[in-house]
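Visitor: I would like to learn how to read the features of a model like this one. Please take me through them in turn.

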Amino acid sequence: MVLFLLMFLAPLGYAAYLSLFREKLIGGNAFVGLDNYVTALKDPLLRQGVLRVATFFVIQVPLMLLLALAFALALDSGLLRLARVIRLGIFVPYAVPSVVATLMWGYLYGPDFGPFAQLSEKLGLPVPHFLSDGWMLGSLANIVTWEFVGYNMIILYAALRTVPQELYEAAAMDGAGAWRTAWSIKLPALRPALLLTLLFSVIGSFQLFNEPKLLQPVAPDVIDNAYTANLYAYSLAFTGQQVNYSAAVSFFLGLVIVIFSYAVLFIANRRRTS
Amino acid sequence: MRRSNSTPSQSQMSRRLLLTTAGAVSLGAALSACGGGDGGGTSASSAKPVSQADIDAAMKKPTELTFWTWVPDIDQEVALFEKKYPAIKVKVVNAGQGVQHYTKLRTAIKAGSGAPDVAQMEYQAIPTFTITDSLLDLNPFGAGKLKDTFVDWTWGQVSGPKGEIWAIPQDTGPMGMLYRADIFEKHGIEPPKTWDDFAAAARKLHKADPEIYLTNLAGNEAAAWHGLLWQAGAKPYATSGKGNVSIDVDDTISKKLAAYWGGLAQEGVIGVEPDFTDAWFSALNKGKYATWITAAWGPVFLAGSAKSTAGKWRAAPLPQWDASKPSSGNWGGSTSAVIKQTKNPIAAAVFAQFLNSDPASAKLFNTKQSFFPATKPLLEDPSFTGAAASFYGGQKVNQAFADIGKTVSPDFQWPPFLDQAVTDWTETVGTALTRKKDAVAALDAWQSRLTTYAKAQGFTVKTP
């Protein structure tokens, strides 16, 4: 209990405390109450960052979870050859640190000497500008999907393995084929696991940081310091020395995540009861 | 060190900088605070000198100093110090480079304990630490005697408005131009002496071969931009008195610079990709760019990064705005600063001085770390200046940059919020250059962002 207080609540409490002050380079520290939060609510840069990660969530997460689901079902169906190799292959990107993954993709995306660019040049096609304004969110989504499909697949696959064998036997007795079994038995059994991956994804999307931060050096004109809400909080604290405001922004972002997660749970539960 | 993305500080006389809280600078500070900004400036710092007897005593007392630095293999220079002062042990800690290092340093200073005695510090970072009164004035420890050992402009960079000495220079980066002699020759281009020639050459080269560009100006390299501002004679920042700062990043000189580079970018005759990326390294190796506007650490860096082009490069001064008055700016290099919280101020101050001014140690920085020197004796040492670099076709590159170093103006100053200035530059001017938009208009955005920030931080901001 003491450990819990020390390790989890104390840092949170300290951040909350910090967010109520404003320390200036000249003029020192002053208590400002909820001023920082009022500023955050009106801050167009923060709003832009939150909207961007929300867009990211809406596009990337369904794609990633559908892929993960498809792989998990395919593996569980037992119809794949080399299932172990495939399972490992899909999971391996998760074992690659996201820092390394992003640096690697940053190179692959390169407009001059990246392999994609060189390939399209050889084929006489226009060179895709993966790092331009219009493509960037998609390029980031691609990296994150590549990294986390395997992780989500493993969660779903593990859930599938726990489905009692009798259910399958019963379904077979009733004459259900593979597709029917997947739809009527596997999917309902996966619901809690899917919800879990969805919640992880809400948090992951809204806290998007590593990937844009690491692509910033190769596309500084596209990824500014307020590109995502988390990046904004970081640069406020470490570039602008506005630690207090940064704490407020972080809390605000936390609140957004709580609301979003709750909304996801709410929608899922309502479906279940209806 | 090679390059940093911070920005820092400097100059001497005119700027009576923020004495900040400078408690240490006892009497004089109190007086001038009462009097409200004296017009003076150059008078020596008012801190009382520490007697030689005290220094000798402190240097014989067993002491452990902590030194935060990112310089590789600096143990060898430190060993020279420990040999001379066997009672003092120096613990070298690598706390990261650049921003990471400063962030940790700031955190430790704020926490009140855990900060090192001595820290690596780039020139441009000094004001961001003096504004919080975190550095120790080295005047009382005899640092003033070193003034003539160091290149004039470096001394300007480490001096405070009241004559404080905030740090001891270690290495420098006067800016010059490295160019591909083979490409120039092939297209009949002479190394440009003026920026007008340079622009003409850029057009000519790109027209002759659309695959190559005369140079690349990176929209993420605020440090290079500041160096070019420095060369052009701009005074974008000045700090006077406590909390008074003047911000003038869109004056006539800056506008001239932005119109020049923005124009070349819009014409499409120079590259505008970010630097120090994989693509940029490939571009240098493959001859996409015929010059690299860089600094004195550039020659060694390039020789290591573009091996396939060995022998094809040459060094020259930057093109000039006024060929009759050659000038340059500085990009990179760093210093050793003593953190005010040190419990061993004498030993720390002596260490910072010895490390950088002792002839053997200074020489070692050049031969081991390939640092470009900050001391006059070394810059005049024939074994340094006479070295022929095979990567540059046997040219005496050190001599070339030593000469350039003499043309760097000593009175460029950095703002006390460098990181913000750098970030805002990247998001305004840098982005405009990269996207071939109006760079002159972006200067105004930069100016307004910085002004807003400074006001929010409690500064009294003077704008032109």
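Guide: Begin with the inventory: chain B has 19 helices and 11 strands. This is a predicted model, so confidence comes into the reading as well.

Visitor: What is the secondary structure of chain A?

Guide: Chain A has 12 helices and two strands. Along the sequence its pattern is α-β-β-α-α-α-α-α-α-α-α-α-α-α. Its C-alpha atoms fill a box of roughly 80 × 60 × 35 Å along the principal axes.

Visitor: How does confidence vary in chain B, and where is it lowest?

Guide: The mean pLDDT of chain B is 89, with 90% of its residues at 70 or more. Confidence is lowest in helix α1 (residues 26-35) of chain B, where the mean is 33, and highest in β4(B), at 98. Over residues 1-44 of chain B, pLDDT stays under 50; the model has 131 contacts beyond four places in sequence for that stretch. For the complex, the predictor gives an ipTM of 0.86 and a pTM of 0.87.

Visitor: How many residues of each chain are in contact with the other chain?

Guide: The general idea first: the size of an interface is often given as the accessible area lost when the parts come together. Here the description is by residue contacts: 18 residues of chain A are in contact with 26 residues of chain B. The side of chain A that touches chain B comprises eight nonpolar, six polar and four charged residues.

Visitor: What share of each chain is buried?

Guide: In chain B, 56% of the 464 residues are buried. In chain A, 34% of the 274 residues count as buried. Sequence separation is another way to read each fold. Of the contacts in chain B with a separation of 6 or more, 79% are between residues 24 or more positions apart. For chain A, 67% of the contacts between residues at least 6 apart join residues at least 24 apart.

Visitor: Turning to sheets, in what order do the strands of the five-stranded sheet of chain B run?

Guide: Strands of a sheet pair through backbone hydrogen bonds, either parallel or antiparallel. In this case the five strands form an open sheet in the order β2-β1-β3-β10-β4 (chain B), with mixed pairing. Its edge strands are β2 (88-93) and β4 (168-169) of chain B, each pairing on one side only. β4(B) pairs with strand β10 (residues 334-338) of chain B in the antiparallel sense, over two bridges. Within that pairing, Pro169(B) stands opposite Thr335(B) in β10(B).

Visitor: And which strands form the three-stranded sheet of chain B?

Guide: That open sheet has the order β6-β7-β11 (chain B), and its pairing is mixed. β6 (237-240) and β11 (460-462) of chain B each have a single partner strand, so one side of each is left without a neighbour in the sheet. From one strand to the next, the twist averages 25 degrees. Strand β7 (residues 244-247) of chain B pairs with β11(B) in the parallel sense over three bridges. In β11(B), Lys462(B) is the bridge partner of Ser246(B).

Visitor: Which helix lies across β7 and β11 of chain B?

Guide: Helix α19 (residues 439-456) of chain B does, running at about 170 degrees to β7(B). Ala454(B) lies in this helix.

Visitor: Why does Ala454(B) count as buried?

Guide: Ala454(B) counts as buried because it has 26 C-beta neighbours inside 10 Å, and the cut-off is 20 or more. Leaving out residues up to four places away in sequence, Ala454(B) touches Val245(B), Ile247(B), Phe417(B), Phe459(B) and Val461(B). By contrast, Ala57(B) lies 397 residues from Ala454(B) in sequence and 45 Å away in space, C-alpha to C-alpha.

Visitor: How do I read the two sides of a helix, and which residues of α14(B) are buried?

Guide: An α-helix has 3.6 residues a turn, so residues three or four places apart point the same way. In helix α14 (residues 359-367) of chain B, the buried residues include Ser361(B), Ala362(B), Phe365(B) and Asn366(B). These four cover an arc of only 145 degrees around the axis, which puts them on the same side of α14(B). Pro359(B), Ala360(B) and Thr367(B), on the other side, are exposed.

Visitor: What do the buried residues of α14(B) pack against?

Guide: They pack against four helices of chain B: α3 (75-84), α13 (345-357), α15 (376-379) and α16 (382-385).

Definitions and conventions: Residues numbered from 1 in each chain as written. Chains lettered and ligands numbered in written order. Predicted model: local features only at pLDDT ≥ 70, side-chain atom pairs only at ≥ 80, totals over all residues. Pairing = 2+ DSSP bridges. Axes fitted to C-alpha atoms, helices over the stretch in contact; angles between N-to-C directions. Contact = placed C-beta atoms within 7 Å. Buried ≥ 20, exposed ≤ 12 C-beta atoms within 10 Å, placed from the backbone. Nonpolar A, V, L, I, M, F, W, Y, C, P; charged D, E, K, R; others polar. pLDDT = per-residue confidence, 0-100. Arc of directions from axis to C-beta.
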